[in-house]
Amino acid sequence: MTSASDHGETLDERAVLLVAGAADLAVGAIGSALGAVRGLLRRSDAAELAAEAEQELKARGRLVLDRYAAPSPAHLEILARQAVARRSTEDV
């Protein structure tokens, strides 16, 4: 089943173009990543850099968990509840 699209190409041609474009993008990304890894391996402070990367990942993980975890009660709300409790015990 091949039908012409807006640009005069068939669905098969369009699929081939999309796959080729995605493959080129993947090869480019892998090449860039390998170049970055090679550059990191040449550094003398690679251990320190790895430790900093670990700390950064932990911090990002905390932010994500804080974003999606149940929110803690508001600070002012806690203070207001304590004040109300104090007043009710003083009135007795």
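**Exercise 1.** E77 has a relative accessible area of 37%; decide whether E77 is buried, partly exposed or exposed.

*Solution.* Start with the cut-offs: buried means under 20% relative accessible area, exposed means over 50%, and partly exposed is in between (1.4 Å probe, protein chains only). With its 37%, E77 is partly exposed.

Before you go on, a word about what you're looking at. This is a predicted model, where local features need pLDDT of at least 70 and side-chain atom pairs count only at pLDDT 80 or more, while totals for chains, interfaces and linings use all residues. Residues are numbered from 1 along each chain as its sequence is written, and side-chain values use heavy atoms, with hydrogens and water left out.

**Exercise 2.** Find out which residue E77 meets in a salt bridge, and where the two residues lie.

*Solution.* Step one: look for the partner. The side chain of E77 meets that of R81, at 3.1 Å from N to O. That fits the rule for a salt bridge (a side-chain nitrogen of Lys or Arg within 4 Å of a carboxyl oxygen of Asp or Glu).

Step two: place the pair. Both sit in helix α3, residues 75-91, and they are four residues apart, about one turn of the helix. Helices here are DSSP runs (H or I, at least four residues), as are strands (E, at least two), and they are numbered from the N terminus. An α-helix has 3.6 residues a turn, so residues three or four places apart point the same way.

Step three: check the surroundings of R81. Its relative accessible area is 56%, so R81 is exposed.

**Exercise 3.** How many salt bridges does the whole structure hold, and which residue pairs with E54?

*Solution.* A search of the whole structure turns up two. E54 pairs with K58, and the closest N and O atoms are 3.8 Å apart. Both belong to helix α2 (residues 46-68), again four residues apart, about one turn of the helix. As for cover, E54 is partly exposed at 45% relative accessibility, and K58 is partly exposed at 47%.

**Exercise 4.** Describe helix α2: how far does it reach, and how many of its residues are buried?

*Solution.* First, the length. α2 has 23 residues and reaches 33 Å from its first C-alpha to its last. That is close to the expected 33 Å (1.5 Å times one less than its number of residues).

Next, the burial. The number of buried residues in α2 is zero, so the helix lies largely in the open. Take E52, which is found in α2: at 51% relative accessibility, E52 counts as exposed.

**Exercise 5.** Now zoom out: what is the pattern of the protein, and what is its radius of gyration?

*Solution.* The protein has three helices and zero strands, giving α-α-α along the sequence. Its radius of gyration is 29 Å, whereas a compact globule of 92 residues would have one near 12 Å (taken over C-alpha atoms; the globule rule is 2.2 Å times the number of residues to the power 0.38). Along the principal axes, the C-alpha trace spans about 85 × 50 × 15 Å. Finally, of the 92 residues, 1% count as buried.
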